[in-house]
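Reader: Could you take one part of this model and walk me through it closely? I'd like to see how it sits in its surroundings, and then how the rest compares in outline.

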Amino acid sequence: MATLRIAAGWSERPPLSRLLPAATTAGRYTLVFVAGVLIFALILLADGHNAYDALKTMYDNSIASEFGRQEILVKMIPFGLCAAATAIPARAGLINVGGEGQFYMGALFASGVILFSGLPSALLLPAAFAGGAVGGGAWAGVTALLRIKGNVNEAISSLLLNFVAIQIVNYFVYGPWRDPEGPAWPYSAVFPDAATLPVIYGSRVTAAIFLVFGVLAAMFIVFRFTRVGFRVRVVGGNAEAAERSGISVGKYLFWSLAIGGAVAGLAGMAEVTGIQGRLRSGISVQYGYIGFLASWLGGHSPLGILLAVALFGAISVGGDSLQIGAGLPASSVNILMSLILFGVLASRRNVWKVGG
Amino acid sequence: MTASVGARVGSVTSPAHLPEAPVLSVRGLTKRFADVVAANSLDLDFYKSEVHAILGENGAGKSTLVKMLYGFYRPDQGEMILSGEPVDFRSPADARRRGIGMVFQNFTLIPALTVLENIALVTESRGFRIDFAALARRIRELSAQYGLEVKPSAYVRDLSIGEQQRVEILKALACDPSILILDEPTSVLAPHEVESLLEIVRRLREDGFSVILITHKLGEVFACATRVSVLRRGTLAGTGLLKDYDQRSLLTLMLGERAADESDPETRGGAALEDEGFALRGVSFKAEDGRTTLHDVSIEIRLGEVVGIAAVSGNGQASLGDAFLGTGSVIKGSVHVGGRDVTRDDVESRLAAGLAIIPEDPIRDGSVPEMMVRENLNISSGPGSSKRWLLHPGEIIKRALAAAERSPFPLPTLTRRLGSLSGGNIQRVVLARELNEHCKFLLAYYPTRGLDLTSTRAVRQRLLDLKYAGKAVLLISEDLDELRALCDRIVVLHEGAIQGTFLRAEADVMEIGRLMTGGRN
């Protein structure tokens, strides 16, 4: 009897029963998406717009056009990195709402390195990369230390630190780093060409898109195949049990948050070196928060995040076209994003405990 | 309202001869979960003025049965007849309205509310105003009538487990039931609280209640039941008046012929080696909330010895594990594992020295509900866990299989998510993990709590096997009989200080009980 049960424990399940749950999950998400679009259309109708035209404008200008598809990839860079910044700490049971602030600090440190390090041009980008990671990681490290040493809730401290980070960047671009030769805007000096991310030929998509794929692939490997990843999951699953199993919980909490922050910092670096070409105020259009939502939508899993940020990228690009085409504010698509997110969170099935 | 309970008094004096019809009958009651038949075509009758004990091992279907009676589950097949008319409960509220009350194993009280407010939650669900004064009067009457002493104005968070259980019983009684279900009521109680609970059950019976008592302890059945039904793997193995059964016949019904022949394991004693296993020397311990929970405690467990701690819950025994493991602050004294002072060492190196702990609360402190059983068998960083950077996919499976093979009882399917299992099964997984081949110094909290007879025997045998293999075992248990059967020495702890040490031969239950409750000479 005992051996029979044990044998059943590790024998591989037949492929069909493995695919079936995946198929039903996909079906459920499709339903949620369709329902979200329908409700969004109703809201547009109620506001006196032609919902069909608006949705068609969104579709035509995003996934249906070459330019739109490129723009989706452009958006996927900050979305994807900020989503990973939420997902990595989430595996350790931490809620990092600080992607926005970590993004800004990464941008600040990368810009500082480029503008003032005096490094030879070949080293500028690698140094900016390191600066971005250190800036974002250190900023998240503040949250981690508050949590570990002072038991301060990381969701609250990371959220509040976002506003501090934005003001710090503002201080520099309005003050000491402001370009004396430039116009009267809060901009830093323009970066040299050597500090500009290369683009994939003929497009606006920078090389940073490979960073997104690389980070997500690394997440997959670490959480599936390494001891460190396994332990992070144990800490996230039950910190008390982890502590009693000899895992230094504090260490894992610190590093998962710091690495998450570093990834968000890389997004900031990619923004200033790839898109803006300088540091200025307001470089993030809620990227940290959209990444946060995408991570939850994707269940903090690499593949889920990739799908979620592609979807959010498409909606966001479509939203930009609404502003021009349908006279609607671009932010109106935030309604659609939140409808989809609520739908997905509400439709997650509860696993029933079998009694007896 | 208040008179109705009293009106039952004296209706039946001799429950053994019952010409009347049952208050509740079930016929062909069946419930399936996925491919498991938890209750298979059960036929049972429950009578007024009776205590009807439902006996069975873990997973025999006891809980499933009473959850159907209480409207928590709806049966797949079969019918329930209450006072001659068929009923179909859609919810526990339905069942309560029809006179069925239940006290769950896990309490459902709200700690931030008073006793009175907790009871009002179920009795005063309609209307705008709550007549607290009248309810308090009624509670005091019920308390006095059944010896359920508890202050209506006390906050539940300040009550002991035993008192909380009394509140649960009052809550059920306040709904004016004719049938009262108690689901393993003694499993959470300290020894001295059990006797007063059984007395309450007897009084309820004398007052005309039909009490349904779920248990796997034969002693309780003989102490207060009048009728007994035995479940085995979801089917009814036997039912009838208790006087027609004896201990042996009930055991046979519960376990089958062969298993009933085995007796409980008992230590042979006296084999302790000279070498020290693990020890505390003059340790004072401060808990997270700042209270000092251990005062100058010195205790030494030698290799080849089982030492027991007898203590009423909340008297510092919880801190022993933290002190040995290094998960709290030892403010004075030193901790020794394997003859080495480990007071300043971290958890990992203490585990590496061969320390293993079966935690006080396996679900809270020892399990990761989101992970599979086989992953939970691998979470320790102690000896035997590989230090390699890459986690070989086969390694977790291999180690889990080894743990399952070693395990003194069958484990649940290794790919099940731990959080989807029952509490007893989670405990088995944690036990199987901690009772590994590297364990040299074992601190076991209530290792048999909530386990059925077969598993309990297996665990007790395993503890003794460890002792005979020259390991050191510290056993913390609320079951004095268990301590007396297994331990070479019993140490009594009260309010964080050692009150006395008894050798097995001279262990006197009355004396131990007196010291446990802080009695002075």
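Author: Here's a close look at one helix of chain A, followed by its neighbours, the whole chain and two sheets of chain B.

One thing up front: this is a predicted model. The part I'd pick is helix α12 of chain A, which covers residues 287-297. Is it enclosed or out in the open? Nine of its eleven residues are buried, so the helix is largely enclosed by the rest of the structure. The buried ones are A:Tyr287, A:Gly288, A:Ile290, A:Gly291, A:Phe292, A:Leu293, A:Ala294, A:Ser295 and A:Leu297. In case you're wondering about the pattern, an α-helix has 3.6 residues a turn, so residues three or four places apart point the same way.

So what does the covering? Among the elements over the buried residues of α12(A) are α4 (66-91), α5 (99-116) and α7 (154-174) of chain A. The cover also includes α11 (249-276), α13 (302-325) and α14 (333-347) of that chain. Just past the end of α12(A) sits A:Gly299, with a positive phi of about 65°.

Let's zoom in on one residue from the cover. A:Ala90 belongs to helix α4 of chain A. With 19 other C-beta atoms within 10 Å, A:Ala90 counts as partly exposed, because being buried takes 20 or more. Leaving out residues up to four places away in sequence, A:Ala90 touches A:Ile95, A:Ser295 and A:His300. A:Ser295 is one of the buried residues of α12(A). There's also a long jump in sequence here: A:Ala90 and A:Trp296 are 206 residues apart along the chain, and their C-alpha atoms are separated by 9.3 Å.

Next, α5(A), another piece of the cover. This helix has 18 residues and reaches 25 Å from its first C-alpha to its last, close to the 26 Å expected at 1.5 Å a residue. Of those 18 residues, 16 are buried, so α5(A) is largely enclosed by the rest of the structure too. After α5(A) comes A:Gly118, whose phi is positive, near 70°.

Now step back to the whole of chain A. It has 14 helices and zero strands. For its 356 residues, a compact globule would have a radius of gyration near 21 Å, and the 22 Å of chain A agrees with that. Its C-alpha atoms fill a box of roughly 80 × 55 × 40 Å along the principal axes. Buried residues account for 47% of the chain. If you take the contacts in chain A between residues at least 6 apart in sequence, 75% of them join residues at least 24 apart.

How confident is the predictor in chain A? The average pLDDT is 88, and 91% of the residues score at least 70. The ends are another matter: pLDDT stays under 50 over residues 1-14 and again over residues 350-356. The model has 17 contacts beyond four places in sequence for residues 1-14, and 17 for residues 350-356. Where pLDDT is low, the predicted coordinates should not be read in detail.

Chain B brings in strands. One open sheet there has four strands in the order β2-β1-β4-β5, with antiparallel pairing. Its edges are β2 (36-46) and β5 (85-87), each pairing on one side only. Neighbouring strands are turned by 30° against each other on average, ignoring direction. Within this sheet, five bridges join β1 (residues 24-33) to β4 (residues 77-82) of chain B, and B:Thr30 has B:Gln77 as its bridge partner in β4(B). Helix α2 (residues 62-69) of chain B packs on the sheet, touching β1 and β2, and its direction makes about 60° with that of β2(B).

Another open sheet in chain B has six strands, ordered β16-β17-β18-β13-β19-β20, and here the pairing is mixed. The edge strands are β16 (355-358) and β20 (497-503), each of which pairs on one side only. On average, neighbouring strands of this sheet are turned by 15° against each other, direction ignored. Four bridges join β13 (residues 305-310) to β19 (residues 489-494) of chain B, and these two run parallel. B:Ala310 stands opposite B:Val492 in β19(B). Helix α17 (residues 453-468) of chain B lies across β13, β17 (441-445) and β18 (472-477), running at about 150° to β18(B).

Terms used. Residues are numbered from 1 along each chain as its sequence is written. Chains are lettered from A and ligands numbered from 1 in the order in which they are written. This is a predicted model: local features need pLDDT of at least 70, side-chain atom pairs count only at pLDDT 80 or more; totals for chains, interfaces and linings use all residues. Two strands pair if DSSP finds at least two bridges between them. Axes are lines fitted to C-alpha atoms, for helices over the stretch in contact, and angles run from 0 to 180 degrees between N-to-C directions. Two residues are in contact if their C-beta atoms, placed from the backbone, lie within 7 Å. A residue is buried if 20 or more other C-beta atoms lie within 10 Å of its own, exposed if 12 or fewer, and partly exposed in between; C-beta atoms are placed from the backbone. The radius of gyration is taken over C-alpha atoms; the globule rule is 2.2 Å times the number of residues to the power 0.38. pLDDT is the predictor's confidence in each residue, from 0 to 100. The expected span of a helix is 1.5 Å times one less than its number of residues.
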